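Biologist: Please walk me through this model. I would like the reason behind each label.

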Amino acid sequence: MTGPCPPIKTATSETIAEAARLIRAGRLVAFPTETVYGLSADATNGEAVAAIFAAKGRPEFNPLIIHLAGILDAEKLVQFDDRARAVAAAFWPGPLSLILPRTETCPVNLLAGAGLQTLAVRVPAHPTAQALVKAAATPIAAPSANRSGEVSPTSAAHVVASLGDAVDLIVDDGPCEIGLESTVLDLSQPEPMILRPGVISEDDLEPLVGKLATSEAQSAAPRSPGLLLRHYATRIPLRMMASAVAENEALLAFGPDPLKGARFTENLSSLGDIFEAASNLFAMMRILDRPDCAGIAVMPVPDNGIGRAINDRLQRAAHT
Ligand code: TXA
Ligand code: MG
C-alpha cells in the first residue's frame with residue numbers, strides 16, 4: 001500500500017544538500033541516476049539499510065548496489081584487480097556495477113550486501129547523483145526506487161506511485177536518460193560474468209576483462225539474487241514476439257508499423273531507435289498495465305546491443 005505523497009523537490013544545490021543531510025541522519029531519499037531512480041540510504045547504517053528493505057518489501061537475501069563518488073572511494077570498500085581497474089577507468093562514472101570481494105575494513109553494513117563476501121559498487125554519471133554521493137560523503141546503498149518485483153522507476157512520479165510515503169524525500173530531475181538499470185559485471189571470480197545485461201555490453205567489456213563466462217541469467221537459482229526469472233512484473237500478463245494483437249489487449253509496439261487493433265498502444269520508438277526504446281520501456285509498461293486489458297502484447301525488439309537488455313527485462317516480466 002502506498003500512503004500520502006512524500007515531498008518531491010526539484011534538484012538544486014540546496015535540495016541536494018538537504019538530501020545529503022537526510023541520508024547522514026539515517027533517512028531514505030529517492031534520487032535520479034542516468035539509469036533509473038534509486039532509493040538511497042547510508043550504507044554504513046544498519047537501521048537505514050533495513051528501512052530500504054522494508055520500504056521495498058524486498059527479500060533480505062537480495063544485496064544492494066553501493067554508490068560512490070569515484071574509484072578511490074570504491075577501493076576502500078572492495079578489492080580491485082587489474083580487470084576491475086581497467087573497466088572502471090573505461091566506464092566510470094557510468095552505468096556499470098562491479099561485483100568484487102569486500103576489503104577487510106569495509107564499513108558497509110553486512111545487511112546491505114545480504115551477508116555476502118562480495119559487494120556491488122558503482123559510480124553514477126548523472127550530475128545530480130554525482131553531487132549527492134559527494135555531498136553525503138558516505139557510501140550510499142541504492143536499489144531501484146520501486147517495490148520489489150515491480151518495474152524500475154524512470155521518473156519521480158513513478159517513485160511516488162510505487163513507494164508513497166515510505167520515502168522521506170524525492171529529488172526530482174526529470175526522466176532518466178538510459179531508463180534501464182546498470183550492467184552488473186561479476187569480477188569476484190576468475191571467470192568474469194555479466195549478471196545483468198545493460199547498456200554497457202559484452203562487446204564493450206570483453207576486450208578489457210577477457211572472455212565472459214556464459215550467463216546464468218536463465219537459470220532458476222542465479223548467482224545474482226536479483227536475476228529471479230519472474231521480475232519486473234506487470235499485473236496483467238505480458239507476451240513477447242507478437243505478430244498480431246487482440247482487441248482486448250494492450251500493445252507495446254516498436255518501429256514505424258505498429259500492429260493494428262489493440263485497445264491501447266504505446267510505441268517504444270516509432271523510428272526504431274533502440275536507445276529511445278530503452279528509455280521508454282518501464283514507463284510504457286506502467287501505462288499499459290491496465291486491469292481493463294487482458295494482457296500486454298509486445299512486438300519484437302532487435303536482440304543486439306541494448307536490445308538484449310530490453311529483451312532480458314521483457315522476458316522476466318513475461319515469465320509465469
Ligand atoms: O542502475 C542501477 O544499478 C540502479 C540505480 C539506482 O543505480 N540500481 C539498481 O539496484 O538496479 P537494484 O538493487 O535494483 O539491483 C541490484 C542488482 C540485483 O540484481 C542484485 O541481486 C545484484 O545487483 N547484486 C548486488 N550485489 C550483488 C552481489 N554481491 N553479488 C551478486 N549480485 C549482486
Ligand atoms: Mg531493482
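Modeller: This is a predicted model, and we will take its labels one at a time.

Biologist: Why is Ser162 called buried?

Modeller: Its relative accessible area is 2%. Buried means under 20%, so Ser162 is buried. Ser162 lies in helix α6.

Biologist: What makes the link between Ser162 and Arg147 a polar contact?

Modeller: The side chain of Ser162 reaches the backbone nitrogen of Arg147 at 2.9 Å. The cut-off is 3.5 Å, for N or O atoms that can donate and accept a hydrogen. The pair therefore counts as a polar contact.

Biologist: How do you know that β9 and β10 pair?

Modeller: Pairing needs at least two bridges. β9 and β10 have three, in the antiparallel sense, so they pair. One partnership is Val184 with Arg196 in β10. A hairpin of six residues joins the two strands.

Biologist: What makes β5 and β9 a pair too?

Modeller: Four bridges join them, against the at least two required, so they pair as well. These strands run parallel. Ile99 has Asp186 in β9 as its bridge partner.

Biologist: Which way do the residues of β9 point?

Modeller: Thr183 and Leu185 point one way, Val184 and Asp186 the other. All are buried.

Biologist: Which residues touch the most other members of the largest nonpolar core?

Modeller: Ile66, Leu98 and Leu185 do, in a core of 48 residues. Helix α2 gives the most to this core, with five residues. As for Leu98, its contacts beyond four places in sequence include Phe80, Trp92 and Leu185.

How values were computed: Residues numbered from 1 in each chain as written. Chains lettered and ligands numbered in written order. Predicted model: local features only at pLDDT ≥ 70, side-chain atom pairs only at ≥ 80, totals over all residues. Heavy atoms only, no water. Core = buried A, V, L, I, M, F, W, Y, C linked by side-chain atoms within 4.5 Å. Buried < 20%, exposed > 50% of the residue type's maximum accessible area, 1.4 Å probe, protein only. Contact = heavy atoms within 4.5 Å.
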